[in-house]
Amino acid sequence: MNGGVSEGVKDWFGLLARLVTGGVWIVAGALKLPHPADSVRAVRAYDLLPEAVVPAVGHLLPVLEVVIGLCLVVGVLVRGTSVVSALLFVAFIIGIASAWARGLSIDCGCFGGGGYIPDASAKYPGEIARDVGLLALSAWLVVRPRSRLALDSVLFSSGSDPDTDPEDDPETEGSLDGAEEDLAQDR
């Protein structure tokens with residue numbers, strides 16, 4: 001019974017992790033979508049990517065952020081989406097740390113804007129801390145993608161959910177489905 005309470009808490013925490021991380025992605029992407037030139041300028045300001053790919057990244061990143069956010073909020077393909085989310089947060093942490101180390105004073109462009117601004121480096125520790133926290137939530141969802149109110153649980157309720165391991169589900173522990181029962185009876 002104790003394991004059930006723990007599992008329930010983990011499922012509710014997973015919901016919170018999905019909503020917080022997904023909400024941040026939706027807001028970040030939605031604020032950038034109407035201003036693609038600002039997004040391109042923000043990517044360019046980091047001076048990390050070849051100029052040939054900067055426009056593509058600047059235009060595609062807001063769309064990707066909104067898609068990731070929507071998938072997490074509704075709970076679709078949670079593990080895969082969380083892997084992409086975690087990788088993006090690692091890239092953003094590296095980008096901000098790199099800008100800080102090189103003495104660049106740029107707006108991170110995380111929620112729109114971007115480019116060179118005075119005294120931006122004072123914000124870098126907070127931006128890195130925020131992204132580390134969101135990275136931790138994304139990592140939680142990679143390890144434990146099952147959570148409350150997720151569409152995945154409806155879409156993959158037949159037990160074929162690639163994000164859940166039936167051995168981790170206390171409800172299936174010790175139970176056999178029809179095919180396993182037939183096999184067990186044949187033995």
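**Group meeting talk: helix packing and aromatic pairs**

At 41% relative accessibility, Trp 100 counts as partly exposed. I'm opening with that residue, and we'll come back to its partner in a few minutes. Before that, a word of caution, friends: what you have in front of you is a predicted model.

Let me start with the overall layout. The protein has 7 helices and 2 strands. Reading from the N terminus, the order of elements is α-α-α-α-β-β-α-α-α. There are 187 residues, and 36% of them count as buried. Here is one more number for the whole chain: if you take contacts between residues at least 6 apart in sequence, 72% of them join residues at least 24 apart.

Now to the helices. Which residues of α2 are buried? They are Ser 39, Val 40, Ala 42, Val 43 and Ala 45. Keep Ser 39, Val 40 and Val 43 in mind for the next part.

Helix α2 covers residues 36-45 and helix α3 covers residues 54-74; their axes are 8 Å apart and the packing angle is about 120°. The two helices are therefore oblique to each other. As for the hand of the crossing, α2 passes α3 in a right-handed way. On the α2 side, the residues that make the contact are Pro 36, Ser 39, Val 40, Val 43 and Arg 44. Facing them from α3 are Val 54, Pro 55, Val 57, Gly 58, His 59 and Pro 62. By type, this contact has 7 nonpolar, 3 polar and 1 charged residue. If you have the structure open, Val 40 and Val 43 are worth clicking on: both are buried, and both are among the α2 residues that meet α3.

What sits between these two helices? Asp 47 is found in the loop between α2 and α3. Its phi is near 55°, which is a positive value in a residue other than glycine. For context, most residues other than glycine have a negative phi. Asp 47 is also exposed, with a relative accessible area of 56%.

There is a second residue to put beside it. Leu 149 also has a phi near 55°, again positive and again not a glycine. You'll find Leu 149 in the loop between α5 and α6. Leu 149 is exposed as well, at a relative accessible area of 67%.

Let's move on to the other helix pair, α4 and α5. How do they cross? Their axes come within 8 Å, and the angle is roughly 160°. That makes α4 roughly antiparallel to α5. This crossing is left-handed, whereas the one between α2 and α3 is right-handed. The residues in the contact of α4 with α5 split into 20 nonpolar, 3 polar and 3 charged.

On to the aromatics. A pair of aromatic rings is described by the distance of the centres and the angle of the planes. How many aromatic pairs are there? The count comes to 5. Let me show you two of them.

In one, Phe 13 and Trp 140 sit edge-to-face, with 5.0 Å from centre to centre and 85° between the planes. The partners come from distant parts of the chain: Phe 13 is in helix α1, residues 2-32, and Trp 140 is in helix α5, residues 124-143, which puts them 127 residues apart. Phe 13 is partly exposed, with a relative accessible area of 34%. Trp 140 is partly exposed too, at 28%.

The other brings us back to my opening residue. Trp 100 pairs with Tyr 124, edge-to-face, at 6.3 Å between centres and 65° between planes. Trp 100 belongs to helix α4, residues 78-101, while Tyr 124 belongs to helix α5, and their positions lie 24 residues apart in the count along the chain. Is Tyr 124 buried or exposed? Tyr 124 is buried, with a relative accessible area of 1%, whereas Trp 100 is partly exposed at 41%.

There is also an aromatic cluster, made up of Trp 25, Phe 89 and Phe 92.

One last stop, in helix α6, residues 151-155, where Ser 153 has its place. Ser 153 is partly exposed, with a relative accessible area of 41%. Its C-alpha atom is 8.8 Å from that of Val 76, and the two residues are 77 apart along the chain.

That's my tour; I'm happy to take questions.

Note on methods: Residues are numbered from 1 along each chain as its sequence is written. This is a predicted model: local features need pLDDT of at least 70, side-chain atom pairs count only at pLDDT 80 or more; totals for chains, interfaces and linings use all residues. Side-chain values use heavy atoms; hydrogens and water are left out. Axes are lines fitted to C-alpha atoms, for helices over the stretch in contact, and angles run from 0 to 180 degrees between N-to-C directions. Helices (H or I, at least four residues) and strands (E, at least two) are DSSP runs, numbered from the N terminus. Angles under 35 degrees count as roughly parallel, over 145 as roughly antiparallel, 65 to 115 as roughly perpendicular and the rest as oblique. A crossing is left-handed if the near helix is turned anticlockwise from the far one by less than a right angle, and right-handed if clockwise. Contact means heavy atoms within 4.5 Å. Ala, Val, Leu, Ile, Met, Phe, Trp, Tyr, Cys and Pro count as nonpolar, Asp, Glu, Lys and Arg as charged, and the others, Gly among them, as polar. Rings of Phe, Tyr and Trp (its six-membered ring) pair if their centres lie within 6.5 Å; planes under 30 degrees apart count as stacked, over 60 as edge-to-face and the rest as tilted. Buried means under 20% relative accessible area, exposed over 50%, partly exposed in between (1.4 Å probe, protein chains only).
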